Each structure stands twice: as C-alpha cells, then as structure tokens.
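Me: Hello! I am in my first year and would like a close look at a single part, with every term explained as we go. Could you walk me through one in a connected way?

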Amino acid sequence: MKIVIIGDGKVGYKLAKQLSAENYDIVMIDSNESKLREAIDRLDIFCVTGDGGSVEVQKEADVPHADLVIACTSTDECNMLSCLIARRLGAKHTIARVRNPIYYQQIDILKEDLHLSMAVNPELAVAGEITRLLLFPDASKIETFVKGRVELIEFPLTEQSRLSGMSLADMYNRFQIKLLVCAVERGEDVIIPDGEFIMQIGDRLHVAASHREVELFFKLIGKKKQKIKRVMICGGGRVSFYLAMQLCNIGMQVKIIEKLESKCENLCELLPKATIINGDASDHDLLIEEGAEEADALIALTGMDEENIIMALFAKSQGVSKVIVKVNEDRRARMIEDFGIDSIVSAKTATADAILSYVRARKNSQGSANVETMYQLIDGRVEALEFIVKSETSYTNIPLKDLSLKANNLIACIARKRKIIIPNGNDCIRVGDNVIIITMEKQIQDIQDILL
C-alpha cells in the first residue's frame with residue numbers, strides 16, 4: 001500500500017514512523033529539506049522536498065499511483081488544496097487535517113466537494129477526550145468504542161483501594177460486574193492478565209465495559225463520584241475553545257486564562273457563557289487570585305509542553321483534585337507520569353490513532369473483518385482494536401473456549417446490536433458483531449491474526 005504524507009511536523013513524522021514500521025511504502029513531502037534529511041536518517045522512507053500543493057511536486061512523489069494521501073501540514077488551506085490536487089492526479093483516497101472551527105462546521109460540504117475520504121480535527125478530538133475525563137474524574141484515560149457505547153478506562157490502584165491483594169477471578173465473583181481487566185501496567189512491565197492475576201497498589205488497570213457498568217464498578221469499590229462543576233483552563237487556543245463550548249453546554253462553570261488580548265476578545269464573542277481572563281497562566285499568583293484552589297479541575301492547554309507541566313504540578317500542589325495536561329512530546333509525557341499527574345492528552349496521538357485506524361481498515365477492506373477504531377495504549381506497547389465482522393469465517397459461530405488465542409491477546413468485548421457482551425468461553429463471534437481486541441502484537445489486520 002503506497003501512502004504519501006504531506007507535512008513533516010509532529011503528526012506527519014509520527015505517522016511516517018508508525019506506518020513505515022508496518023511495512024507500508026511511505027513517501028513524505030515537505031518544504032523543509034533539513035527536517036526531511038532527519039526523517040530519511042531515522043526512517044525507511046522516501047522524501048521529496050517541495051510544496052505539497054504543487055502538481056509537479058506531487059507527481060515527483062508519485063501521487064498519481066498512491067493508495068492514500070495524508071495532508072497534515074500546519075495550514076488547513078494547504079491541506080485541503082493538496083488533497084484536491086491529489087484526487088485530480090489519481091490518488092485513490094485522501095485525508096486532510098482541518099483545525100479551523102469555521103471550516104469544520106461545514107466539513108460535510110468540504111468533504112463532498114474536495115472528495116475527501118476523511119477529515120481529522122485534532123483539537124476537537126482532544127477536547128472530547130478531556131470532556132469524558134471530566135465526566136468520569138476517577139479515570140486517568142478513557143477511550144471509546146462502538147460509537148461511545150463501550151469504554152476502555154485506565155485508572156491507578158491507590159493505597160486506599162480495596163482491590164489490592166485481590167485476584168481478578170475473586171473480583172469478578174465478588175462484584176458480579178460485566179467488565180474485563182484487559183491490560184495492567186506494573187512498573188516497566190505490561191501484562192495481559194488472566195483470572196489468577198493478583199492486583200497490587202501502584203498497578204494501572206485498563207478496564208473495558210459499558211459506561212453504566214463502569215460507573216457501578218467504581219461505586220462498588222468505594223470510589224465516590226465527585227462531580228466536576230468549576231473548571232479552569234490555562235491557554236486560549238483551539239482545544240480550549242472546543243472544550244469550553246462542550247463544558248458550557250453541559251452546565252459547567254468555565255474560566256479561561258489567556259495571555260493574548262486579541263484571543264481573549266475573540267473568545268468572549270464565541271463563548272458568552274465562559275469567563276475569559278487576560279493574563280499569564282504560568283504566573284502562580286494569578287492562578288491563586290483567579291481561584292485555582294477552588295477549582296474542581298485545572299486543564300493546562302497552552303502551546304508549550306513545559307509551561308503546561310509546570311502549571312499542572314502547581315495545581316496538584318494546591319490540592320486541585322483533577323488535573324489534565326496537554327503534552328505533545330512523547331518523551332515528556334512518559335517522564336511526567338511519575339509526578340502524580342494522571343491524565344495526559346496529546347493532539348498528535350489523537351490524530352495519529354484516527355488516521356491509523358483508517359489505514360488499517362483500508363488495507364483489510366477485502367477481509368472478513370474491518371478495523372473500525374484503534375488506540376495505542378501504554379506508550380504504544382498495547383493496541384486496542386475494534387473490528388466489525390463482515391462475513392462468515394473460520395472463527396464465527398464457534399464458542400470462544402474452542403478458539404486458541406496466541407499469547408498476549410484478548411477478546412475484551414463483543415457488541416451485538418444493542419447488547420454489550422463481556423465474553424466468557426461459551427460466547428461466540430457472529431457476523432455483524434463489533435469485536436474489541438486487546439493485543440501486544442503489532443500490525444494486527446484481522447481477528448484471524450490473533451488465533452493459533
């Protein structure tokens with residue numbers, strides 16, 4: 001499968017790295033020759049220097065024979081123009097990163113006129129992720145499947161947890177909840193657990209279930225559902241706008257602190273229900289003055305990872321119960337997990353996951369099951385994939401106890417019409433099911449790939 005990526009920024013590089021590792025034929029276009037040279041040195045890809053909106057440059061990158069063109073430069077207009085030209089030249093499919101709220105409001109029209117296969121809005125995706133975390137503050141990460149009907153929740157076992165020292169089998173028997181612990185992070189180790197696995201303080205559990213079952217589970221293990229009402233957002237960029245709009249619509253009190261006066265004026269017009277403060281959110285005195293200690297949640301969303309980390313650490317020191325920080329650099333995200341900041345979001349990762357899901361689905365479009373959704377967990381060491389089973393195959397209508405799975409693979413959940421099934425050995429996979437797989441293997445294209 002030949003893929004052309006236009007734009008060697010954070011998203012473009014992450015996609016090139018992931019896709020080249022999965023043996024796709026990757027060509028990257030960017031006008032910055034030194035950045036492309038770095039990419040060539042590190043990755044097994046071909047690079048073309050030039051403007052992605054140029055017909056000649058696209059021809060040099062062999063776009064006319066491309067299966068997919070992904071335009072993810074920093075400019076929406078360039079991305080849409082590049083995709084339009086790519087389709088005219090003969091590319092089979094195109095994906096554009098579109099971030100401007102005005103453009104995204106009319107994305108259906110743009111997709112139709114530009115013949116886009118997919119449009120990705122990283123800031124909107126991250127805002128949705130943060131909103132879910134504020135609605136479920138005990139979780140440090142939430143991914144959704146089956147159009148939001150199934151959730152994959154990550155949460156740490158603290159010293160107060162009554163689950164410490166309990167095996168998973170005992171937990172399932174005791175609480176009788178329809179959920180499954182899919183993966184456990186213990187120090188540097190990652191485990192796909194069985195029923196004999198005994199939980200310990202410090203473990204980070206990844207649990208799959210419907211939203212209702214997760215809520216019930218947290219209630220039974222003694223976690224009181226704290227309601228988030230007052231939210232302070234540091235930084236007034238696009239993520240902050242989308243997030244504030246969502247939070248105001250569900251009745252939360254939102255305060256945004258933004259350094260640039262022009263941005264503040266714009267936000268005041270767009271968000272009449274929010275309080276907009278013109279100031280530097282990295283000034284701790286200002287945060288205290290504006291009521292950081294009284295906030296139920298503080299979200300650090302400036303354009304600088306370092307500033308966001310410092311604000312988040314300060315908010316933790318002031319006793320803010322829910323702190324969420326946007327960190328786009330993978331190395332920094334890994335570093336601060338040990339600082340007690342449990343919720344880290346990344347626009348780059350959200351975009352890459354959405355595009356990789358599409359690529360996997362296209363590659364396996366002729367197979368028995370299509371990839372609908374894909375997330376990378378635990379620093380990319382585990383993948384959670386949602387498949388839609390399209391036709392009868394060797395594993396359909398056979399009890400799961402009679403299927404032999406390879407090590408470090410798990411069938412976590414089956415969604416059948418309106419029913420969410422946490423499967424046992426007697427359940428089976430049927431045509432039309434949505435099946436969620438947890439795997440430590442790479443390049444899973446079909447459910448068949450996890451079977452012996």
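Reply: What follows is a walk along one helix, then to a strand and the loop after it, with a short look elsewhere at the end.

Two notes on the source come before the walk. This is a predicted model, in which local features need pLDDT of at least 70 and side-chain atom pairs count only at pLDDT 80 or more, while totals for chains, interfaces and linings use all residues. Residues are numbered from 1 along each chain as its sequence is written, and side-chain values use heavy atoms, with hydrogens and water left out.

Let us start with helix H1, which covers residues 10-21. Its label comes from DSSP: helices are runs of H or I with at least four residues, strands are runs of E with at least two, and both are numbered from the N terminus. H1 has twelve residues, and from its first C-alpha to its last it reaches 17 Å. That is close to the 16 Å expected at 1.5 Å a residue; the expected span is 1.5 Å times one less than the number of residues.

Which residues of H1 are buried? They are Val11, Gly12, Lys14, Leu15, Ala16, Gln18, Leu19 and Ser20. Here buried means under 20% relative accessible area, exposed means over 50%, and partly exposed lies in between, using a 1.4 Å probe and protein chains only.

Now pick out Gln18 from that list. Its relative accessibility is 18%, so it counts as buried. Its side chain has two polar contacts to look at. One is with the side chain of Glu22, at 3.1 Å. In the other, the side chains of Gln18 and Gln376 are joined at 3.2 Å. A polar contact is a pair of N or O atoms within 3.5 Å; within protein, one must be able to donate a hydrogen and the other to accept it, and residues adjacent in sequence count only if both atoms are side-chain atoms. If you set aside its neighbours within four places in sequence, Gln18 is in contact with Leu356, Gln376 and Glu383, where contact means heavy atoms within 4.5 Å.

Before we leave H1, look just past its end: Asn23 takes a positive phi of about 70 degrees there. Why stop at a positive phi? Because most residues other than glycine have a negative phi.

From here we go over to strand E18, residues 369-377, where Tyr375 is found. With a relative accessibility of 14%, Tyr375 counts as buried. What does Tyr375 touch, leaving aside its neighbours within four places in sequence? It is in contact with Glu143, Thr144, Phe145, Asp353, Val382, Glu383 and Ala384. Glu383 should ring a bell, as Gln18 is in contact with it too. Thr144 deserves a second glance, since the side chain of Tyr375 reaches its backbone oxygen at 2.8 Å. You can also compare sequence with space: Tyr375 and Ala352 are 23 residues apart in the chain, and their C-alpha atoms are 9.2 Å apart.

Following the chain onward, we come to the loop between E18 and strand E19 (382-389), which holds Ile378. Ile378 is not a glycine, yet its phi is positive, near 50 degrees. Is Ile378 buried or exposed? With a relative accessible area of 10%, Ile378 is buried. Asp379 lies in that loop between E18 and E19 as well, and its phi is also positive, about 60 degrees, although it is not a glycine.

To finish, here is another kind of link, the salt bridge: a side-chain nitrogen of Lys or Arg within 4 Å of a carboxyl oxygen of Asp or Glu. How many salt bridges does the structure hold? There are 13. In one of them, the side chains of Asp296 and Arg230 meet at 3.6 Å, N to O. This pair links distant parts of the chain, with Asp296 in the loop between H12 and E15, Arg230 in strand E12, and their positions 66 residues apart. Asp296 is buried, at 17% relative accessible area, whereas Arg230 is partly exposed, at 36%. Elsewhere, salt bridges that share partners join Lys2, Asp25 and Asp62 into one network.
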